[in-house]
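This report describes selected features of a protein model, from the whole chain to individual elements. The sequence and structure are shown first.

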Amino acid sequence: MESIVQFAVQKLNDFVTQEADLLLGVDEQIISLRTKLEWMRAFLEDVDRIGRDNKRFKIWVTQIRDVAYDAEDVIDSYIFNIEQKRREDTSAGFMRCLTSFASCIKDIPAIHDVGKKILNLERRVGEIKENISQFGVGNISVGGEASSSSNQSQLRREKRAPIVEEADVVGFEDETKTLVGRLTEGDTRRAVISITGMGGIGKTTLAKKVYNDIHVKKSFDFHAWVYVSQQYLVRELLLSIIKCFRTLEPDEMEKTPEEDLQLELSQYLQGKRYLVAFDDIWSRQAWDSLVSAFPDTKNGSRLLLTTRNEDVARHADAQSTPHKLRLLDGNESWSLFCKRALPGNLALTCPPNLEELGRKMVAKCGGLPLGIAVLGGVLSRKEKSVNTWEKVLKSVEWWLRESKEDGISGILALSYHDMPYYLKPCFLYLGAFPEDSEIYVPQLIQLWMAEGFVQRRGEEEMEDVAEDYLDELISRSMIQVGSRWSKGTVQKCRIHDLLRDLSISEAKEKRFLEVHGNMAPELPTKARRLAITCGDISKSISLNCSTPQLRSLLRFSKEEQMPEKPQLKIICGAFKLLRVMDLRDVGLSCLPDEIGYLIHLRYLCLKGTRLERLPSTITRLSNLQTLDLLNTNVNMLPDDIYKIEQIRHLLLNPMTEFPCQISNVMQIHRLINLQTLKFVKGGSWIEDGLEKLTNLRDLGIKGDLNMALPRSVCKLASLRLLWLEASRNCSIPAFPSFSNHHHLFCMNLGGPFEKLPDVHEFPPNLTELFLRGSQLQRDQIGTLEMLPNLRKLCLFPKSYIGKEMVCSVGGFPLLDDLRIYKLDELEEWRVEEGAMLNLRRLVIRNCKKLKKLPDGLQHISTLQDLKLERMPEDFRERVGRDDGEDWFKIRHVPSLTIYP
């Protein structure tokens, strides 16, 4: 709640400081309203401990929220109307005869209207203050400890010990042993092994523990894991499984009929002993739509299933008894609690003076892992003192009493209300994403910023502050890590469906967000944000045309819809205050000129659409921070793109061109806020001003990499990711040195090098390197294997043209992931004993002349996953299980996947 008022206060602050020329007589009223709203925010923080079932409290909170929302609407509408008037006057030539815009605006009715609205808001705030003063809060029973918003400052950037992640689980040893046996032994028929139990009991955690067991990995020829959830598309599930054994081209993913995908999967699995895990299946229909793709060849194949519905488990396999997951016992519960509440404490011991309090709290969770984890997350941010833990215990008891459903909902509610105010909207926003989806962190951060959730913190970049918000949510166990970049930061995250339910419920109650899923909406939303995760976007838009307060329109469904141009005009006219519009994968081919009316727009995603060009009016979106045009048909930016000076993230198709007019240093440097610029066609603009874009973190250029590029890139010390691809018959120019690029962790380079950098000339913290067409020779691999921090290396076609490749003793000391694709000249690969001692994943694809696997693989005990794709038949025969000539080299590898 405080975050809503804080946002309104910030809106008024920005308006007073940045739009002073538009105030003209209402400045004192706005400042007065801002002051009163600040008082309201302070009041909300002070009474955060008040019992939330108290009727007076709820009335005040609702009234304060409505005033804050209305204040934001008044200011945004006023700015919109003034901007419209300004454009009308400009187009009529009216501005040329005036000395200032301010002198012409005094007679506009808008100024009188906004004055009246602000006075009305002030009156409402005064009434709320009077009621609070009259009825007081002193005699209201206290229900628990204040949330972190009153005792934690978001201005303090605190680096904490990394929280335990899902793979590091507690308990389930007996359950694991039982399930491993059921998967690897018993019937030769294709059996379904189901794990059932209530939400939050740990079904997914246990399934992953069993799925990743080394003995299980070695027992099957093929493994795949797929998330199903309530909203599923059979096509997407099939594609995700097929991706586990072969690389899919974009056209295949889009155009291959579902029936063909099922047939391909079934044919691939014929004769193989396979294990496929289906996580979170909700209905018989979901199971029936998938099961036909999995043949029963009587070789002991298994399907692993998690579901809350035991009826679904019995339907999937009537001969197999579902494994009903038990709750954690006392010792297991205590161990999990200590891991979460005391991160960094390797001994997992609780201070003696806190143990009794801790055990009392753990007992309240009833052995439910999710409840214990989030409770531990709450305490991980608290002072380790008796007084603090006693307050949390009282809060736990209060929330459990107030919970109208079950114990877990009370614990989860406590975890939400304990958050500092700046985290609450970030958490609520996660409910917008589809259930069980993996959320790409850079996109999430861009959305948080566009929504205004990320608060300024000194001189830090907003993206860095947002990353800290994410880390705090992880440490509180409110979200889970899906995957990490090789440098250790989070790449994708997930949210447990019970926590997602909490976020959606809280968001709807606060008019913060509404989600349209399987159930067709019947009434217009009252929320500020609308997310469409399934169903007809057209219906949602038509239904909400009279919802002018809408700030965000998010569409995440994979079902392609075609909003026609007139309907997009409706969006631009009806939702004039939009800050975020995400229409990814919608089948539109053009944008109307009316897009330029959305002057408050900060985030525009048209990824995966059929869009062919951008209207020139898009350059009127002066507040736009993110423009995502990946996988569209747009190949030219508007002439005046440089006018969008607030743009921070510009994601384009490869070979998208800057207009010729931008080739001017005074224009290009106006994009100084850019942090992401990919993928753009090289050209004279590089020489004219790339070096001015000193805030760039992610840069991708394809085509003409002229000689000015090395000089320019060397001045971009903030780079994190660099993607360069030279035109045909051209090369990547020689770079002086990347030794000062301490943040640059990923390089993706296409084309031959004029000169391969020496080891000391590479970025010192480089962890990922992707090469294509580099034409490296044998001795140059020696340079790469000396890179001290390299963890991932991908050698794509023509990156290496030698007949023999050698990885020498001590080479690639930290390499974790190696991928070798279509090296047409490679005949022999030698890996000396002592090389690549940390390698875990190896993929070899379409190397037609490679005769055999290197002998040295037998010495790499860390290797967990080997995938061989489109290799010659004689090569495949050599790695045949048990009887192949090369089997002894890889018999220790748990997971081996071979695709013809």
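Two residues are in contact when they have heavy atoms within 4.5 Å of each other. In this predicted model, residues 24 or more positions apart account for 63% of the contacts in the protein chain with a separation of 6 or more. The protein chain has 900 residues, of which 58% count as buried, and it contains 30 helices and 27 strands.

**Helix 21**

Helix 21 spans residues 462-475 and has 14 residues. From its first C-alpha to its last it reaches 20 Å, close to the 20 Å expected at 1.5 Å a residue. Buried here means under 20% relative accessible area. Because 12 of its 14 residues are buried, helix 21 is largely enclosed by the rest of the structure. Among the buried residues are Met462, Val465, Ala466, Leu470, Leu473 and Ile474; Glu463, Asp464, Asp468 and Glu472 are buried in helix 21 too, as are Tyr469 and Ser475.

The cover over these buried residues includes the elements in the following table.

| Element | Residues |
|---|---|
| Helix 16 | 369-380 |
| Helix 19 | 424-429 |
| Helix 20 | 441-451 |
| Strand 7 | 480-484 |
| Strand 8 | 490-494 |
| Strand 15 | 649-656 |

After helix 21 comes Ser477, which has a positive phi, near 60°.

**The sheet of strands 6, 8 and 7**

Strands 7 and 8, which are included in the cover of helix 21, also belong to an open sheet of 3 strands. The order in this sheet is 6-8-7, and the pairing is antiparallel. Strand 6 (439-440) and strand 7 stand at the edges with a single partner strand each, so one side of each lacks a neighbour in the sheet. Strand 6 is joined to strand 8 by 2 bridges, and the two run antiparallel. Tyr440 stands opposite Lys492 in strand 8.

**Helices 14 and 15**

How do the axes of helix 14 and helix 15 cross? The axes of helix 14 (residues 330-341) and helix 15 (residues 352-364) come within 10 Å and cross at roughly 110°. Since angles of 65 to 115 degrees count as roughly perpendicular, helix 14 is therefore roughly perpendicular to helix 15. The crossing of helix 14 past helix 15 is right-handed. On the helix 14 side, the residues that meet helix 15 are Ser333, Trp334 and Phe337; in helix 15, their counterparts are Glu355, Gly358, Arg359 and Val362.

Technical notes
Residues are numbered from 1 along each chain as its sequence is written. This is a predicted model: local features need pLDDT of at least 70, side-chain atom pairs count only at pLDDT 80 or more; totals for chains, interfaces and linings use all residues. Side-chain values use heavy atoms; hydrogens and water are left out. Helices (H or I, at least four residues) and strands (E, at least two) are DSSP runs, numbered from the N terminus. The expected span of a helix is 1.5 Å times one less than its number of residues. Buried means under 20% relative accessible area, exposed over 50%, partly exposed in between (1.4 Å probe, protein chains only). Two strands pair if DSSP finds at least two bridges between them. Axes are lines fitted to C-alpha atoms, for helices over the stretch in contact, and angles run from 0 to 180 degrees between N-to-C directions. Angles under 35 degrees count as roughly parallel, over 145 as roughly antiparallel, 65 to 115 as roughly perpendicular and the rest as oblique. A crossing is left-handed if the near helix is turned anticlockwise from the far one by less than a right angle, and right-handed if clockwise.
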